[in-house]
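User: I should like to work through a structure step by step. Please reason through each answer before giving the result.

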Protein chains: 2
Amino acid sequence: MWVNEMKEIFKSKCSTGESILDQFSHDESHHKWSKPQIVFFAENEQDVVDVVKYAHKNSIPITGYGAGSSIEGNPIPVKGGIVVSFQNMNKIIEVFPQDMMVRVEAGVLYKDLNNELRRYGLFFAPDPGANASIGGMLANNASGTRTVKYGATKDNVYKANFVLPDGTLIKLGNLARKSSSGFDTLHLMIGSEGTLGLFTEAYLKLAGIPAEMSAAVAYFENVNDAVNTVSNIIMSGLSPAAIEFMDENVIKMLNLSDNLNLNEKPCIIMEFHGDNKIILEEQIKSVVSICRDNGMINFDSGVGIDERNRIWSARHKTYEVILRTNIGKKAIIVDAAVPISKYPDIVMFAKDATKDVTGYIFGHAGDGNIHAVLVADKDNSSEWGKLEVANEKIVKKAVEFGGTATGEHGVGIGKSKYLVSEYGENSVNLMKLIKKSIDSSNIMNPGKIFI
Amino acid sequence: MWVNEMKEIFKSKCSTGESILDQFSHDESHHKWSKPQIVFFAENEQDVVDVVKYAHKNSIPITGYGAGSSIEGNPIPVKGGIVVSFQNMNKIIEVFPQDMMVRVEAGVLYKDLNNELRRYGLFFAPDPGANASIGGMLANNASGTRTVKYGATKDNVYKANFVLPDGTLIKLGNLARKSSSGFDTLHLMIGSEGTLGLFTEAYLKLAGIPAEMSAAVAYFENVNDAVNTVSNIIMSGLSPAAIEFMDENVIKMLNLSDNLNLNEKPCIIMEFHGDNKIILEEQIKSVVSICRDNGMINFDSGVGIDERNRIWSARHKTYEVILRTNIGKKAIIVDAAVPISKYPDIVMFAKDATKDVTGYIFGHAGDGNIHAVLVADKDNSSEWGKLEVANEKIVKKAVEFGGTATGEHGVGIGKSKYLVSEYGENSVNLMKLIKKSIDSSNIMNPGKIFI
C-alpha cells in the first residue's frame, strides 16, 4: 500500500497518527471534515518537489496546508491522499529594505512576518484577519481591511517559486516593480487554491509603516447614508487605508456584551496613513465635510496610533464577541463583493435575507465586500438550513449585481456552485481547460473550485 | 483562394488595398514591416467572433491591431493572414461615475477616453505616452509615468470580453473591486499580446481627477544621488503620482535645441496628487528634506496645474526633441526594469553601454523602469548594429539584476530571446503549454512572444 511505501521513503517527514490526521482534516470553516491518509511535513523546497513527484507518479491526491485559517474549506483533503504541511517551512529568507521587499518560505505566518519587519519600518499590507500562512494567502488571494489602499495579496507579490503537479519547479514573475514580459502565470497561480500546484517561496512587496495614522468613525441614521459616504470618500481621492461598515445589529451586540455605550446606528470606521500630522488633520477635515454632506449624526476621530486603536477597538472585537456570544454554535461567514454603487442594496438585501436567523452584517465597504456572520446550532438541521438559504440568497444577489461570489475567502468547497453564474459557462470551461492541461491526472487539491 | 472568399462573406468590412495593407504592416517600432493578406475592420463584437471563427476554420493567422502605437512590433502580422482593425469599435459604452468605472469598446483611444471622462471628474490613469487604443493597452499591459501611483493597465481593469482562438466569446473578471473567485484568467489574457485571443470590450477602473496637484524637480551631482533619492521617496510613503529620472545628456540636448537653460545634471521630476493645497505643500516640504539628505544641488517646485505643467515641460518635450534632433534616423527604444535598489547600477551600466552611440537615458524611476532612446541610420548596418548591441547589453543586465526584459512595451518581436533567461525554461514551457492548449493551431498573432 502506498502509505507504507511513503513512510519508508520519506521516514520521519510523514505522519499517519490519528491526531495528526484529524488536525489536517479541517480548516476554520463549517465544512465537513475529511481525513488525509498521510500528512507530509515539508522542510524545504526539494521536499515539496519530491512529494509532488511521488504523488504524480502514483496518481495520489495531494493538498497543500498552511495555517488552516481559511474559512471556505480550501485545504480540506476531500479526496483523501496526501496533505503537505508547510508549517516547518517558516523561514524569512531575506529582507531587502531598499527594495521594500522580503523573500519568505511559504509556511511563514502573516503576523510573525510583520513582527519581524517592524524593525525595518516595513509591513506586508494585505491583512487577512487571521494569522494565515503566506502560502495560504497566495493560494487563496487573501485580503482584508487594508486592501482598499494596499491591494489584495495578488497585488503584493513580485515573484514566487511554484511546484507544478508533475513536480517541476518553476519561477513565476520577476523582481521589477512592473513588467510586460510573457504570460502572467504568477497571477494565474495566485488564487488557484492549490489546484494547479504549490507555492514554496515568494518575494513579497512591502509598504512603509506610515509615520502617522489617524482614524475616524461616523454614524448615520440609515445604511444608505453610511454607504453612500463610502463611495464619496473613495471618489474624493482621500485614499483611506481602511474603510469598514458595521450594521447597527453588530453595535447592539457589542454594547450588550461589553457595555460599550456606542451609538446603535449604522457606521463607517476609517483609517488613514500619512507622512505627518498636519496632512492627517487636513484629511480628517475633508472626511468630516463629506460625512456631514451625507447626513452624519455623530462623529469621532483622532490622530496618532493610540487614537487609532481606541476608535478601532469595537471593530476589532466584533468577531471575537460574536463567537463569545454564541458558544457551542457554528458559523457560516458570508463573503461576497459588489460594485460600490450596489453596496447599499446588497446590505439592505442581506438585512432582509437574514431577518429570521442570528446574523451580524459588516464588511470592507471600500471594496464593496460584504460579510455576514450567520450563527446556528449545526446539529439542528432546520436552523442550519436557514443559514444556508440566507447565505445562498446573498451570494446569488451579489453575483446578479455584477459582483463576485467570494471577495476574499476563495471558492473552496462552498462557492463552486456559483462559478458559472458569475463568469458564464464558456469562461469556466477555459478555467477547466487550463486545469486539465496543467494537472491532467487531477491530483492537486481535487474536488475544489470546480463542481 | 481564402482572401476572395473572405471578401465575399464579409464584403465592405474587408480591404486588400495596397495602402491599407501597408498601413497595417507596421507599428511605431523599427521592426521589419510585414503585410497581412487582408485587413478586416470590425464594427462590433459579433464581427470579431465571426472573423476569428473564419480564421480558425481555415487555420489562417489572425492579428489584432489597435492604434499601431506599440514599439516592439507587437501587432505586426509577421506570418501574414488577417489583421483585425479595432478602429471602428471606438464607442465609450457607459460611464459609471459612482463606481468610478467605464465600459468601452476595445478600439477607443486613450486620449479620447480621458477627454470624455474629464466632465465626470475621472480619468483612466495608466498613461502609455502615445495615444494607444484600450485594446492595445490591454494586450500589452501598457503603463507609463503614473504607474508608480496608479498601477499598470493590468491593475485597472475589472472585467473584459474576450474572443478565444476558436471564436468563443468569454467574460473575464467581474465588477467587484476585489475577488478570490476562480482562476484569474483576466490577468492571463492581459499582456498576452493577442496570442491567446482578442479583447472586444472592457470595464476599466478609473481614478478621481485630483483636486490639486504639485510638481518638483531636483538636480543632483551624480546619478547615484538622484536615484537613491527615488527609493527614499518611495519608502517614505509619500506616494508620488510620477517620479521620473533624466540623465544629464537628455538635458544637454534640451538646452541645445530649445535654449532651456536647465541645469546640466541628472535630475528627478515628480508629481503629487492631493485633496488640497495644504497637503501638497506639506508633501513638498518632506520631499525637499529627503532630497537635501541625498545631496541635492538645485530644486524647483510648485503647487497647482500651471506650476505642474511648467516643471514637467522639459520632460514632456524629451521624445519629440530627440526625434526633431535626429531627423531621418530610426530609434531603438530600450525598455527594461529592475528592482529599485539596482536602478543606479542599471543607469550607470546603460551610460557605459551607450557611450559609442547616440543615446538618451531617462525612465520611470519610481518603478525601476529604464528607457534609452538609441538613434542611428538604419541603413548603415555597422551603426545600427552598435545600437542593437547596446540594447542587448542593457536588457541582459536588467534580467541579471533580477528584473525584466520589458517594463511596459511587451515582448513582441524584439524581446522573445530574453524570455528563458528571465523566467527559466520550465516556466516558459508552462507558458507554451497554455498557448498550445488555448490556441492549438497557433493562429493568434503567431511569431510573437515565443521564439
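User: In which helix is the place of Met235(A)?

Analyst: The model discussed here is a predicted one. Residues 223–236 of chain A form a helix, and Met235(A) has its place among them. The element asked for is helix 8 of chain A.

User: Is Met235(A) buried or exposed?

Analyst: A residue counts as buried if 20 or more other C-beta atoms lie within 10 Å of its own. Met235(A) has 20 other C-beta atoms within 10 Å. Therefore Met235(A) is classed as buried.

User: Which residues is Met235(A) in contact with, leaving aside its neighbours within four places in sequence?

Analyst: Met235(A) itself lies in helix 8 of chain A. Its contacts, with neighbours within four places in sequence left aside, carry the chain letter B. They are Met100(B) and Gly208(B).

User: How many residues of chain B are in contact with chain A, and which helix gives the most to that side?

Analyst: On chain B, 79 residues are in contact with 79 residues of chain A. Among the elements that give two or more residues to this side of chain B are strand 9 (169–173), helix 8 (223–235) and helix 10 (277–293) of chain B. By class, the side has 31 nonpolar, 37 polar and 11 charged residues. The count asked for is 79 residues, and the helix that gives the most, with seven residues, is helix 15 of chain B.

User: What relation holds between chain B and chain A?

Analyst: Chain B is superposed on chain A by a rotation of 180° with 0.0 Å of shift along its axis, and the RMSD is 0.0 Å. The same surface serves both copies, since 100% of the contact residues of chain B recur in chain A. The rotation and shift therefore give the relation of a two-fold axis.

User: Which residue of chain B has the C-alpha nearest the axis?

Analyst: The axis is that of the 180° rotation which superposes chain B on chain A. In chain B, the nearest C-alpha is 2.6 Å from this axis. That C-alpha belongs to Ile279(B).

User: Which residues touch the most other members of the largest nonpolar core?

Analyst: In soluble globular proteins, nonpolar side chains tend to be buried together. Here the largest nonpolar core has 294 residues. Apart from neighbours within four places in sequence, the contacts of Val84(B) include Phe40(B), Ile62(B), Tyr65(B) and Leu198(B). The residues that touch the most other members of the core are Val84(A) and Val84(B).

User: On which side or sides of helix 4 of chain B are its buried residues?

Analyst: Helix 4 of chain B, residues 110–117, has Tyr110(B), Leu113(B) and Leu117(B) as its buried residues. They cover an arc of only 65° around the axis. An α-helix has 3.6 residues a turn, so residues three or four places apart point the same way. The arc therefore puts the buried residues of helix 4 of chain B on the same side.

User: Which elements do the buried residues of helix 4 of chain B pack against?

Analyst: The buried residues concerned are Tyr110(B), Leu113(B) and Leu117(B). Their packing partners belong to chain B, and strands and a helix appear among them. The elements are strand 5 (92–96), strand 6 (101–105), strand 7 (122–123) and helix 5 (134–140) of chain B.

User: What is the phi of Asn141(A)?

Analyst: Asn141(A) has its place in the loop between helix 5 (134–140) and helix 6 (147–150) of chain A. With 27 other C-beta atoms within 10 Å, this residue is buried. Most residues other than glycine have a negative phi. Asn141(A) is not a glycine, yet its phi is positive, near 45°.

User: Is Gly385(A) buried or exposed?

Analyst: Gly385(A) lies in helix 13 of chain A, residues 381–400. The cut-off for an exposed residue is 12 or fewer other C-beta atoms within 10 Å. Gly385(A) has 11 such neighbours, so the residue counts as exposed.

User: How far apart are the C-alpha centres of domain 2 and domain 3 of chain A?

Analyst: Chain A is divided into four domains, among them domain 2 (92–208) and domain 3 (210–318). Five residues of domain 2 of chain A are in contact with seven residues of domain 3 of chain A. The C-alpha centres of domain 2 and domain 3 of chain A lie apart by 29 Å.

Terms used. Residues are numbered from 1 along each chain as its sequence is written. Chains are lettered from A and ligands numbered from 1 in the order in which they are written. This is a predicted model: local features need pLDDT of at least 70, side-chain atom pairs count only at pLDDT 80 or more; totals for chains, interfaces and linings use all residues. Two residues are in contact if their C-beta atoms, placed from the backbone, lie within 7 Å. Helices (H or I, at least four residues) and strands (E, at least two) are DSSP runs, numbered from the N terminus. Ala, Val, Leu, Ile, Met, Phe, Trp, Tyr, Cys and Pro count as nonpolar, Asp, Glu, Lys and Arg as charged, and the others, Gly among them, as polar. A nonpolar core is a set of buried Ala, Val, Leu, Ile, Met, Phe, Trp, Tyr and Cys residues joined through C-beta atoms within 7 Å. Copies are superposed by least squares on the C-alpha atoms of residues with pLDDT of at least 70 in both. Domain bounds come from an automatic or database domain assignment. The arc is that of the directions from the helix axis to the C-beta atoms.
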